[in-house]
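Open the model in your viewer and keep the selection box handy. We will go stop by stop, and at each one you will learn what to select and what is there.

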Amino acid sequence: MAEIPEGLLVVDHRENEKVIHELFMRLGDAKTDPTGKVWVCQLKTGDYIIDDWVIEAKEINDLAGSITGVGRSRTVAAQLRDMTDSNPEKTPWLVVYGETADLKPWVAKRAKNMRQSKVIAKARQKEQIAVFKRNFCLRFPEVSYFQVENMKHFVEWLVEAYKNKVMMP
């Protein structure tokens, strides 16, 4: 991984393109603008770095899949452990954006009753997320947790966190 300049909001290049674009619009691309504050590169762990914070971000549907690991190479638990172990000098965060009402469960097209199958799958996802949240501070006492309503609010949270931690210490 290349050397990352100090004082920037660092974003993993595999993150949601819409989030990256919004951050560029709000804070500027540090690679193309000398006054830009966003640096995009590949991070070993986490999705964002702000000063002494390393942040794993999950859209609500991604969180649902990451809890069980279905269709994923790694679970959210493994990601949080890696983030904590790899960055002992940084405060780890899990930030979720979206509400359980926004869940869109995947159901096989061959399901006999598609509507009923989706309702059941969504109820399972909601319960998995609820259990994950209830046990979060017991399983990951060193990780801070925060949830916002949607992607727009997530971007606003990132910008404000960056401004408060780096631009106005």
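Is Gln 116 buried, exposed or partly exposed? Select Gln 116 and show its surface: the residue is partly exposed, with a relative accessible area of 45%. Keep in mind throughout that this is a predicted model.

**Stop 1: a long distance**

Gln 116 sits in helix α4. Now add Val 54 to the selection and draw a distance between the two C-alpha atoms. The label should read 40 Å, for two residues that are 62 apart along the chain.

**Stop 2: where two helices cross**

Stay with α4, residues 114–139, and colour helix α2, residues 60–68, to go with it. The two axes come within 10 Å of each other and cross at roughly 75 degrees. An angle from 65 to 115 degrees counts as roughly perpendicular, so that is the description that fits α2 and α4.

To see what makes the contact, show side chains on both helices. From α2, pick Ile 60, Leu 63, Ala 64, Ile 67 and Thr 68; from α4, pick Gln 125, Gln 128, Ile 129 and Phe 132. Sorted by class, this contact holds six nonpolar residues, three polar ones and no charged ones.

While you are on α2, select Asn 61, which is also part of that helix. Asn 61 is buried, at 17% relative accessibility. Beyond its neighbours within four places in sequence, Asn 61 contacts Arg 72, Asp 102, Leu 103 and Lys 104.

**Stop 3: helix α3**

Next, select residues 76–86, which form helix α3. Its buried residues are Val 76, Ala 77, Ala 78, Gln 79, Leu 80, Met 83 and Thr 84. Show β4, α2, β5 and α4 around them, as these are the elements that the buried residues of α3 pack against.

**Stop 4: the largest nonpolar core**

Which residues have the most contacts inside the largest nonpolar core? Select Leu 9, Leu 23, Tyr 48, Ile 55, Phe 154 and Leu 158; the core they belong to has 25 residues. Elements giving two or more residues to this core are β1 (9–12), α1 (17–27), β2 (38–41), β3 (48–50), β4 (53–59), β5 (91–97) and α5 (151–167). The top contributor is α5, with eight residues.

Zoom in on Phe 154. Setting aside residues within four places in sequence, Phe 154 is in contact with Val 19, Tyr 48, Ala 57, Val 95, Tyr 97 and Val 148. Apart from this core lies another one, of 24 residues, including Leu 8, Trp 39, Ala 64 and Phe 136.

Then centre on Ile 55, in strand β4. Ile 55 is buried, at 0% relative accessibility. Not counting residues up to four places away in sequence, Ile 55 touches Gly 46, Asp 47, Tyr 48, Ile 50, Met 83, Trp 93, Val 95, Trp 157 and Leu 158. Draw a C-alpha distance from Ile 55 to Tyr 145: these two are 90 residues apart along the chain and separated by 9.7 Å.

**Stop 5: Met 151**

Select Met 151, which lies in helix α5. Met 151 counts as partly exposed, at 24% relative accessibility. Leaving out residues up to four places away in sequence, Met 151 touches Asn 16, Lys 18, Val 19 and Tyr 97. From C-alpha to C-alpha, Met 151 and Val 19 are 7.3 Å apart in space, with their positions 132 residues apart in sequence.

**Stop 6: two aspartates**

Select Asp 12, in strand β1. Is Asp 12 buried or exposed? Asp 12 is buried, with a relative accessible area of 2%. Excluding residues up to four places away in sequence, Asp 12 touches Ile 20, Val 40, Cys 41, Gln 42, Leu 43, Gly 46 and Asp 47.

Move on to Asp 51, in the loop between β3 and β4. Asp 51 is partly exposed, with a relative accessible area of 42%. Check its backbone too: phi is near 55 degrees, a positive value in a residue other than glycine.

**Last stop: cysteines**

How many disulfides are there? The count, taking sulfur atoms within 2.5 Å as the rule, is zero. Select Cys 41, which is buried at 14% relative accessibility, and then Cys 137, which is exposed at 53%.

Definitions and conventions:
Residues are numbered from 1 along each chain as its sequence is written. This is a predicted model: local features need pLDDT of at least 70, side-chain atom pairs count only at pLDDT 80 or more; totals for chains, interfaces and linings use all residues. Side-chain values use heavy atoms; hydrogens and water are left out. Axes are lines fitted to C-alpha atoms, for helices over the stretch in contact, and angles run from 0 to 180 degrees between N-to-C directions. Helices (H or I, at least four residues) and strands (E, at least two) are DSSP runs, numbered from the N terminus. Angles under 35 degrees count as roughly parallel, over 145 as roughly antiparallel, 65 to 115 as roughly perpendicular and the rest as oblique. Contact means heavy atoms within 4.5 Å. Ala, Val, Leu, Ile, Met, Phe, Trp, Tyr, Cys and Pro count as nonpolar, Asp, Glu, Lys and Arg as charged, and the others, Gly among them, as polar. Buried means under 20% relative accessible area, exposed over 50%, partly exposed in between (1.4 Å probe, protein chains only). A nonpolar core is a set of buried Ala, Val, Leu, Ile, Met, Phe, Trp, Tyr and Cys residues joined through side-chain atoms within 4.5 Å.
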